[in-house]
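Subject: Structure for your review

Dear colleague,

Please find below the structure that I am handing over to you, together with its sequence. My notes on what was found in it follow.

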Amino acid sequence: MGSCSSTPASTNDAQQSNSPISSQSVEAQPQMANVLFEPGELTQPFDPEQHHYTVEIPTECDHINIVPILDPGLTVDIENPEKLEYGKNEAKVHIFNEMQEETTYFFILNRIASDNAYLSSLSLDGFKLDYTFNKAIYEYSAKVKSDTESVKVSLTLDDEAATYEISGNDDLKYGDNMITVSVMSQSKKIINEYRIKVTRPESAAEPSTSGEVKYIAITFDDGPSPYTDELLDILQKHNIHATFYLVGNRVSSYPNEVKRMVNEGHALGNHTWDHSYLKNLSDDEKRNLIGQTDDAVRELTGQETTTIRPPGGKWDRSIKSFDDKPIVFWSVDPEDWKYRNTETVVNNIMKSTKGGSIILLHDLYPTSVEAADIVIGRLKEQGYTFVTVDELREMY
Ligand code: ZN
């Protein structure tokens, strides 16, 4: 689908670039030589003898221009809705000859509803979600005060034809409550489900407010590598735990490093078998890319990966395929793979990190390992406590 252009196509341009104009001037029945839509496309080729058509309009376009191409001596009157609704809209093009005889062409303008609607915002009024909302993250948690009996979910959708249903937001019980927001396409098919685990404490022990909590997680993607061992030394020196998002097919090349991660208390995450984007693949393909990595880690260490990080953050949703493991993105991205410069990476991390941050680095580059050493030291000095992603998820 093209973009939704509002620039009308000029009839002159259209005549030059399209079908030849017949030289017959006035016939018994006036006919249109051709017709263009801006934007939109006929579902079948135009034939002057054929009077009924369907035109497919991209979902984002709520108006179009109809540009009839006429032989000399003919005139036209177009009945066209000003604003296109989702679904079927009707337009009529009346063609007149000099004797005011009329032929009418009928067009069904089908504005295609998106079949892939997402939430564009999601919040729990008065409470903080564990992650900043991202339409590709489907699971959130929030802690509420012990006397909170219900919470209100606020949200917006990115497709006005989509609808949503919220289940489970009334009547919070002590402990964990699940609120599910189901996003439905125009055809009422559920296409995306967002879940918020709302925890209502038993006692008066209230959750901390966000400003005071200075827990953060540092994560290393794409390894293991020749630099992982040195990185593990650095983590040991600072006495902190990190989270490693492992690429499965590298595990067997660095078995000692991966065993060390487990023995020294770091968390392991799944970054697919070969760093494939988990997008435009079948559920089976995604499951295999995840499963092979889990198998390799389990065989080597006896441990399971606990979270999944989709390579490149690219993920077209298949939460049902892996719904036992949370998908974890990041909130601080110093772009270490791009800069490969210790000072730049350090500065990028220091200026963006705050309580609850998940820092993204790659243990593929000596500059990133060196930067990790520096930022861990500085952030600890500023009062931050490093935890694994799993621990951070429990806290916020
Ligand atoms: Zn990666």
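A residue is called buried here when its relative accessible area is under 20%. The model is predicted, and the values below should be read with that in mind.

By this criterion, five residues of helix α3 (residues 255-263) are buried: Glu257, Val258, Arg260, Met261 and Val262. Their cover includes the helices α2 and α4 and the strands β15 (243-246) and β16 (267-270). After α3 comes Gly265, which has a positive phi near 90°.

Overall composition

The chain is made up of eight helices and 19 strands. It has 396 residues, of which 47% count as buried. Among contacts with a separation of 6 or more, 65% are between residues 24 or more positions apart.

The metal site

Three residues coordinate the zinc ion at 2.1 Å: Asp222 through OD, and His271 and His275 each through NE2. Along the sequence, these donors follow the spacing D-x48-H-x3-H. The two histidines can be described by their accessibility. His271 has a relative accessible area of 1% and is therefore buried, whereas His275, at 29%, counts as partly exposed.

Asp222 belongs to the loop between β14 (215-221) and α2 (228-238). What is the nearest side chain of opposite charge to this buried residue? It is that of Arg250, at a distance of 7.7 Å, and Asp222 has no salt bridge. Because a salt bridge requires a side-chain nitrogen of Lys or Arg within 4 Å of a carboxyl oxygen of Asp or Glu, the distance to Arg250 does not qualify. The side chain of Asp222 does make a polar contact of 3.0 Å with that of His275. Beyond residues up to four places away in sequence, Asp222 touches Tyr245, Val247, Arg250, His271, His275, His362, Asp363 and Leu364.

The same loop between β14 and α2 also holds Pro224. The peptide bond leading from Gly223 to Pro224 is cis, with omega near 0°.

The nonpolar cores

In soluble globular proteins, nonpolar side chains tend to be buried together. In this model, the largest nonpolar core comprises 40 residues. Leu119, Leu122, Leu124, Tyr140, Tyr194 and Ile196 have the most contacts inside it. Two or more residues each come from the strands β8 (119-124), β9 (139-143), β10 (153-157), β12 (175-184) and β13 (190-200), and from the helices α4 (283-301) and α8 (389-395). With four residues, β13 makes the greatest contribution to this core.

Which residues surround Leu119, once its neighbours within four places in sequence are left aside? Leu119 is in contact with Phe133, Lys135, Leu155, Thr156, Leu157, Val181, Val183 and Tyr194. A second core, separate from the one just described, has 33 residues, including Leu246, Val297, Met350 and Val369.

The region around Pro39 and Pro48

A further cis peptide bond is found between Glu38 and Pro39, where omega is about -5°. Pro39 is placed in the loop between β1 (32-38) and β2.

Pro48 lies in the loop between β2 (41-42) and β3 (52-57). Its relative accessibility is 24%, so Pro48 counts as partly exposed. Although Pro48 and Tyr105 are 57 residues apart along the chain, their C-alpha atoms are separated by 9.0 Å. Tyr105 is also among the contacts of Pro48, together with Gln31, Met32 and Ala33, when neighbours within four places in sequence are left aside.

Backbone conformations to note

Two residues that are not glycine have a positive phi. For Asn239 the value is about 55°, and for Arg340 it is about 45°. Asn239 is located in the loop between α2 and β15, and its relative accessibility of 69% means that Asn239 counts as exposed. Arg340 sits in the loop between α5 (336-339) and α6 (342-352). At 47% relative accessibility, Arg340 counts as partly exposed.

With kind regards

How values were computed:
Residues numbered from 1 in each chain as written. Predicted model: local features only at pLDDT ≥ 70, side-chain atom pairs only at ≥ 80, totals over all residues. Heavy atoms only, no water. Core = buried A, V, L, I, M, F, W, Y, C linked by side-chain atoms within 4.5 Å. Buried < 20%, exposed > 50% of the residue type's maximum accessible area, 1.4 Å probe, protein only. Contact = heavy atoms within 4.5 Å. Donors = N, O, S within 2.8 Å, 3.2 Å for Na, K, Ca; no water. Lys, Arg positive; Asp, Glu negative; His and termini not counted. Polar contact = N/O pair within 3.5 Å; in protein donor to acceptor, adjacent residues only side chain to side chain.
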